[in-house]
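Got the viewer open? Let's take a stroll through this one together, from the parts of a single chain to the packing inside.

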There are 2 protein chains.
Amino acid sequence: MDAYDELMARLKDIDLISQVGGLVGWDQEVMMPPKAAGLRAEQLSWISRTGHEMITDSRIGELLSDLESRDDLDEIQAGNLRLARESYDKATKLPTEFVGELAKHQSKSQVSWTEARAADDFSIFRDDLAKMIDMCRQKADYLGYEDLRYDALLDLYESGLTVARVDPLFAGLRENVAPLVKAVVERGERPDMAFVDDNKWGQTGQEALSQAVSEAIGFDFKAGRRDASTHPFCGGSNPDDVRWTTRYSETDPFGSLYGSMHETGHGLYEQGRPRNLDFQPAGQANGLGVHESQSRLWENQVGRSREFCEWVLPLWQEHFPDFMEGVSADDLWRAVNLVEPSMIRVEADEATYNLHIMIRYEIEKRLIAGEIEVDDLPDAWDDMYEEFLGIRPPNRTLGVLQDIHWSFGAFGYFPTYTLGNLYSAQLLEAARKVLPDHDEQMRRGEFGPLLAWMREHVHARGSILEPAALIEEATGSPPSPDAFVTYLRDKVERLYNVTA
Amino acid sequence: MDAYDELMARLKDIDLISQVGGLVGWDQEVMMPPKAAGLRAEQLSWISRTGHEMITDSRIGELLSDLESRDDLDEIQAGNLRLARESYDKATKLPTEFVGELAKHQSKSQVSWTEARAADDFSIFRDDLAKMIDMCRQKADYLGYEDLRYDALLDLYESGLTVARVDPLFAGLRENVAPLVKAVVERGERPDMAFVDDNKWGQTGQEALSQAVSEAIGFDFKAGRRDASTHPFCGGSNPDDVRWTTRYSETDPFGSLYGSMHETGHGLYEQGRPRNLDFQPAGQANGLGVHESQSRLWENQVGRSREFCEWVLPLWQEHFPDFMEGVSADDLWRAVNLVEPSMIRVEADEATYNLHIMIRYEIEKRLIAGEIEVDDLPDAWDDMYEEFLGIRPPNRTLGVLQDIHWSFGAFGYFPTYTLGNLYSAQLLEAARKVLPDHDEQMRRGEFGPLLAWMREHVHARGSILEPAALIEEATGSPPSPDAFVTYLRDKVERLYNVTA
């Protein structure tokens, strides 16, 4: 067998075990009876160990070296080779003992984070976090980097991402979005949320609305499912079996609908993957930033637009006739776009969200570089909230202890959330050039043309290119904050009649 | 590492992949979106191939040979060794090409069976069945046997089963049950089924009834689930994650309840496995016959008893108040025990069911021995139905084409259904000796003592002993048809006032 075919055959088996892992993971969150947790952990550990053995097999190293000397590979083959090399290197560069120690410390550290958060006492988490920071620095050293240590961690979540690439993006946001939020706060206007707050929103209606909207956007329920889970996510096995979840709150009907649109966006991306590249790395979705661009596109760029609110209003009225009486599309639009600085990232609106991320990014960057240490964290956090959002957390639970990510060492993950927001605006701006009727189409619920554009320019391209190159190919420009800033400025002006 | 520990570590991984396979298989029947079927087959094929590679690893052969020379093993270790040897031999004795060819022919043959059945034309299936019979004879030769070829196939579904052991069981049934059925038919009485036939039975009530009864019997829903599927089954991963299904019919409310009790019986057996033997072969349930004894116990021995009907009547009344008005426990008992010879095995009652199985067993025995060939099958089938059930199938669909089993070569499987019925009666007869109040307990819905007896004498014993030895240990006698015949004779006399 040719070396390339042999590599592809091995990668197919690795993809299959990861498909199985995806399904088993989904089941754990959605279906598993409570007593099954212990043995489920054994199953997942077997899957992860076996997958690790398969990707670190020395034969893969030999095949890669062999193929890397060839110059007759086409774009897809080159993409597969690049991605396989990345996976192989990331898996082999970390010593087995280090991986085991890290996994053990992740479990321990998540426990102390949970306790610290409940007790509002950073000191409970302090030592475990200090060790986790050290281990992540060590991890970066094992993985290697050209410029900054933090780059090695960023690269884990979006291939090719570096501080040199991210810094200008956040600079653009800091200069433009922070003043915008300040202007809204100073104006002090708040939309009328009485129709939301005064009602108890039943689950049946929310489910029907969520299903109807997801179907309208184009999610294929013959190749996927919608279920409920405590933490909404999109998972499953493969493009024919995409499973997303949402959750329902009696007091907040927007959570389930916009959560559904968010996960539907992730799901559409998975369903749109290039099927001629099944089981190949180049056929996978392209990292967390691009994935988030697809969820944010439908959740925010589409779902929180004035036009979408016009289209969706009759569905709200159908499923909640009593509650929606007298509520106009404009009321709905203002309600789903409430801009209000708050302490909590996961509850933040479109305007303030990226400031939450920027704060985490700046802290992580300095932390991994050794410019600040664990004991500087709590106050550094509060100071930046005061500087950029104008509010100071009254305690650690609402401050530095709010996110779980650092407790399992996911330094470098947060920026992909903001990349997603920027990419979504940049992609929609590009799509609008060939879809001049976009706003009208949204108003009529014609989501097909926009989806088709994303299918062609994003989904079908898999991971053939690095994420930044994919964005440039699709939009004509490298990743930039400009489209997002323009979009947000325009929107906030229309909503709050302010400029900044 | 000691050879025994090394073998156990390998068997643990083999068990884990089989747990994962169980979960993925369950998902396929219950949750999977339709378009996912193709890639799901790839996942399952990877799981089965990998599991096969793990059990046929030559290191397992070395460890087995090493350990088989030791004489210091305790009962459990000896059981593990015996079972591991069986699995290893069964997996290694069949040449890989043969296994592949058989799998391919199974798919082909199931298709032609489906077509033949739909067209009521045996000739469509004839050639594929002929080849399947040949392949199963060949399979038996690969596996090896002492006395008869068919023994090698029987042994696949219940360890140690042979024609020499099965023949006397069916002889006892043929001599005693066939005349009993004849007497009922000649008497020509039929219970009043109007309350069943005249109503449309809603799914919600059936679900609530099924859930309530399964909980009352003792199924732990914190370690398992109930769902709906086209073909009811009990599956899942392990004793902490046991998943059974049922189906609902508007015209037949007994199907879901008795199906639920059947699968609950399977599920209780799985939940009762010895937890100190997790991941070990000796900790598994003990073959298909014993498994069926546990399902039949709760479905028939308990569920179709007069006392159970008294206990369950108020639940029927609670969930179907209108339909159950004026229906007494006696009416219910007679309705769930309708004895009536029919063409179709899966719809057969307790009295006639084993005659359906006996016919298949006698045909398989002669077929694998080469005493009859494929072209003799259709008439041999019809002749035996006429002889033992007094009815002659009017076509092939109701005759030789009714079961799917032969199309995938499952010769030797059918007898385990009857073994289950015999074992269930024999086990209950033994349990009654220490549970003198059994009937009263059933009347009061006190199922704990009977379950506790089964837990101790059957479930907790795993597969430490061969199935026949387990039955003898639990009941004091080797497997026999006597308890079942006594039970059935007594019941039919009470129901139909006939003797035979």
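What follows is a walk through the domains, the chain contacts and the nonpolar cores of a predicted model.

Let's begin with chain A. This chain splits into domain 1, residues 3-93, and domain 2, residues 122-500. Measure between the C-alpha centres of domain 1 and domain 2 of chain A and you get 27 Å. The two domains do touch: 20 residues of domain 1 of chain A are in contact with 19 residues of domain 2 of chain A. On the domain 1 side of that contact, α1 (3-30) and α4 (75-93) of chain A each put in at least two residues. The largest share comes from α1(A), which provides 11 residues. As for chemistry, this side of domain 1 of chain A is a mix of eight nonpolar, five polar and seven charged residues.

While you're in chain A, take a look at Gln203(A), which sits in helix α10, residues 203-217. Is Gln203(A) buried, exposed or partly exposed? Count its C-beta neighbours inside 10 Å and you find 14, so Gln203(A) goes down as partly exposed, since a buried residue needs 20 or more and an exposed one has 12 or fewer. For a sense of scale, Gln203(A) and Val327(A) are 124 residues apart along the chain, and their C-alpha atoms are separated by 20 Å.

Now bring in chain B. Here 28 residues of chain B are in contact with 28 residues of chain A. Which elements of chain B give two or more residues to the side that touches chain A? They are the helices α1 (3-30) and α2 (37-55), along with the strands β1 (224-228) and β2 (234-238), of chain B. Of the elements on this side, α1(B) gives the most, with seven residues. Sorted by class, the side of chain B that touches chain A has 14 nonpolar, six polar and eight charged residues.

That brings us to the packing. In soluble globular proteins, nonpolar side chains tend to be buried together. In this model, the largest nonpolar core has 217 residues, and the members touching the most other members are Val20(A), Val20(B) and Val181(B). Zoom in on Val20(B): leaving out residues up to four places away in sequence, Val20(B) touches Val20(A), Val24(A), Gln43(A), Ile47(A) and Ile47(B). Apart from the largest core lies another one, of six residues, including Ala223(A), Cys234(A) and Val242(A) from chain A and Met32(B) from chain B.

Key
Residues are numbered from 1 along each chain as its sequence is written. Chains are lettered from A and ligands numbered from 1 in the order in which they are written. This is a predicted model: local features need pLDDT of at least 70, side-chain atom pairs count only at pLDDT 80 or more; totals for chains, interfaces and linings use all residues. Domain bounds come from an automatic or database domain assignment. Two residues are in contact if their C-beta atoms, placed from the backbone, lie within 7 Å. Helices (H or I, at least four residues) and strands (E, at least two) are DSSP runs, numbered from the N terminus. Ala, Val, Leu, Ile, Met, Phe, Trp, Tyr, Cys and Pro count as nonpolar, Asp, Glu, Lys and Arg as charged, and the others, Gly among them, as polar. A nonpolar core is a set of buried Ala, Val, Leu, Ile, Met, Phe, Trp, Tyr and Cys residues joined through C-beta atoms within 7 Å.
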